[in-house]
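Work through the exercises below with the model open beside you, and try each task before reading its solution.

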2 protein chains.
Amino acid sequence: MMPPDPGGNATDQVDRLIALLAKLPGMGRRSARRAALKLLRDPAGLMLPLADAMRATAEAVRPCRICGNLDTQDPCRICTDPNRDQETICVVEGVADLWALERARVHRGLYHVLGGVLSALAGVGPDDLRVESLLARVRAGDTREVILALPATVDGATTAHYLHDRLRPSGTAVTRLAQGVPMGGALDVMDDGTLAAALKARRPA
Amino acid sequence: MMPPDPGGNATDQVDRLIALLAKLPGMGRRSARRAALKLLRDPAGLMLPLADAMRATAEAVRPCRICGNLDTQDPCRICTDPNRDQETICVVEGVADLWALERARVHRGLYHVLGGVLSALAGVGPDDLRVESLLARVRAGDTREVILALPATVDGATTAHYLHDRLRPSGTAVTRLAQGVPMGGALDVMDDGTLAAALKARRPA
């Protein structure tokens with residue numbers, strides 16, 4: 001008899017693979033099945049290399065003790081890079097945001113990964129975020145400016161306010177990302193909040 | 001200096017993981033980055049189990065020598081199941097279609113996975129498909145009916161015609177899936193081909 005498994009395929013092993021693949025962001029049960037089939041069709045060229053890459057990465061990559069970035073070395077390559085501006089710290093919600101800023105090559109200073117934003121709804125308080133280590137870094141010395149690159153949401157704004165308050169005694173300059181219409185953005189598809197922020201922050205042409 | 005890598009993160013290892021994840025169906029560079037981050041956030045709970053599941057599956061799962069299904073045993077669990085109807089073979093394009101039919105629990109006979117359909121454009125000829133092994137199975141004996149469950153496309157129809165011709169000498173009944181409006185399908189969103197097929201194949205109410 002075929003075991004009555006929900007995947008409809010005969011092997012527990014493949015079912016387990018599909019269940020794990022389905023946990024990846026953007027993957028549903030259906031796309032996980034397609035991914036599993038693609039892997040099964042090319043074990044030597046894709047499935048084993050991917051398994052090895054995951055194992056190697058899981059064993060090698062650690063959060064940086066200074067900024068929270070993920071890297072194979074600790075402190076990370078950004079914190080130990082003497083060519084970066086040591087006096088500016090850009091505070092981000094997560095590593096994805098740090099990567100996005102690095103891809104854009106717009107920030108030549110250091111980073112600090114908060115690990116989230118304050119959220120009453122999700123029950124995230126200051127103790128759940130890497131706030132104390134940020135204050136310790138700023139207190140320790142050379143920081144001239146802290147750039148709050150937090151999401152343009154209510155929780156992001158709350159977190160920015162909170163950090164601004166906590167950083168005030170240090171006397172360090174605290175700045176935020178500008179808000180407005182994104183590059184290439186058509187006005188008629190922007191939400192009201194973006195239009196209001198863009199109009200309020202208008203500059204001489 | 002930060003190495004000038006396209007992913008923007010500092011590690012070759014993570015870049016390699018992202019590049020491999022991006023090869024999965026439905027994954028772009030962006031979703032592969034999100035998947036890599038999710039894996040990095042939970043090495044013990046997700047990344048290592050997934051790596052192990054892939055390695056175990058790659059080592060254990062093989063195509064069935066009889067029908068082409070993928071299973072940890074060869075011949076597969078369907079071919080060796082004495083409770084299945086041994087006289088009916090359902091011919092499918094790929095293992096994904098076999099899984100879909102098994103999930104629906106609508107076919108209690110055997111299968112034959114062609115491994116594709118004939119395609120002049122993609123240069124797929126009869127020798128590229130598991131046609132001879134299908135004919136050999138039918139010639140060998142008990143088969144009473146071959147159900148062609150091929151895609152309702154031009155290539156699928158060409159392949160069905162070709163197989164029908166090749167199977168004719170055996171005297172075995174050859175049938176095809178019905179075409180029509182799918183369950184729950186609203187008429188006004190159906191394409192013309194589906195509406196034409198459904199009207200042509202109309203039945204007494």
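**Exercise 1. Locate Val189(A), decide whether it is buried or exposed, and state how far it lies from Asp52(A).**

Step 1: Val189(A) sits in the loop between β6 and α7 of chain A, where helices (H or I, at least four residues) and strands (E, at least two) are DSSP runs, numbered from the N terminus. Step 2: with a relative accessibility of 63%, Val189(A) counts as exposed, given that buried means under 20% relative accessible area, exposed over 50%, and partly exposed in between (1.4 Å probe, protein chains only). Step 3: Val189(A) and Asp52(A) are separated by 137 residues in sequence and by 44 Å in space, C-alpha to C-alpha.

The model is predicted, so that local features need pLDDT of at least 70 and side-chain atom pairs count only at pLDDT 80 or more, whereas totals for chains, interfaces and linings use all residues. Residues are numbered from 1 along each chain as its sequence is written, chains are lettered from A and ligands numbered from 1 in the order in which they are written, and side-chain values use heavy atoms, with hydrogens and water left out.

**Exercise 2. Find which residues of helix α4 of chain A are buried, and what they pack against.**

Step 1: in α4 (residues 95-104) of chain A, the buried residues are Val95(A), Leu98(A), Trp99(A), Leu101(A) and Glu102(A). Step 2: because these residues cover an arc of only 165° around the axis, they lie on the same side of α4(A), the arc being that of the directions from the helix axis to the C-beta atoms. Step 3: the general background is that an α-helix has 3.6 residues a turn, so residues three or four places apart point the same way. Step 4: the buried residues of α4(A) pack against β2 (70-71), β3 (85-92), β4 (109-113) and β5 (145-149) of chain A, together with α1 (12-21) and α2 (29-41) of chain B, where contact means heavy atoms within 4.5 Å. Step 5: just after α4(A), Arg105(A) takes a positive phi of about 50°.

**Exercise 3. Describe the surroundings of Thr172(A).**

Step 1: Thr172(A) belongs to the loop between α6 (154-167) and β6 (173-176) of chain A, and at 12% relative accessibility it counts as buried. Step 2: its side chain makes a polar contact of 3.1 Å with the side chain of Ser170(A); such a contact is a pair of N or O atoms within 3.5 Å, where within protein one must be able to donate a hydrogen and the other to accept it, and residues adjacent in sequence count only if both atoms are side-chain atoms. Step 3: leaving aside neighbours within four places in sequence, Thr172(A) is in contact with Val138(A), Thr143(A), Arg144(A), Glu145(A) and Val146(A).

**Exercise 4. State how many salt bridges the structure holds, and examine two of them.**

Step 1: over all chains there are 16 salt bridges, each being a side-chain nitrogen of Lys or Arg within 4 Å of a carboxyl oxygen of Asp or Glu. Step 2: Asp71(A) and Arg77(A) meet through their side chains at 3.1 Å, N to O; Asp71(A) is buried at 0% relative accessibility, whereas Arg77(A) is partly exposed at 22%. Step 3: Glu132(A) and Arg166(A) form a salt bridge at 3.2 Å, N to O, and this pair links distant parts of the chain, with Glu132(A) in helix α5 (residues 131-140) and Arg166(A) in helix α6 of chain A, 34 residues apart. Step 4: Glu132(A) is partly exposed, with a relative accessible area of 46%, and Arg166(A) is partly exposed at 31%.
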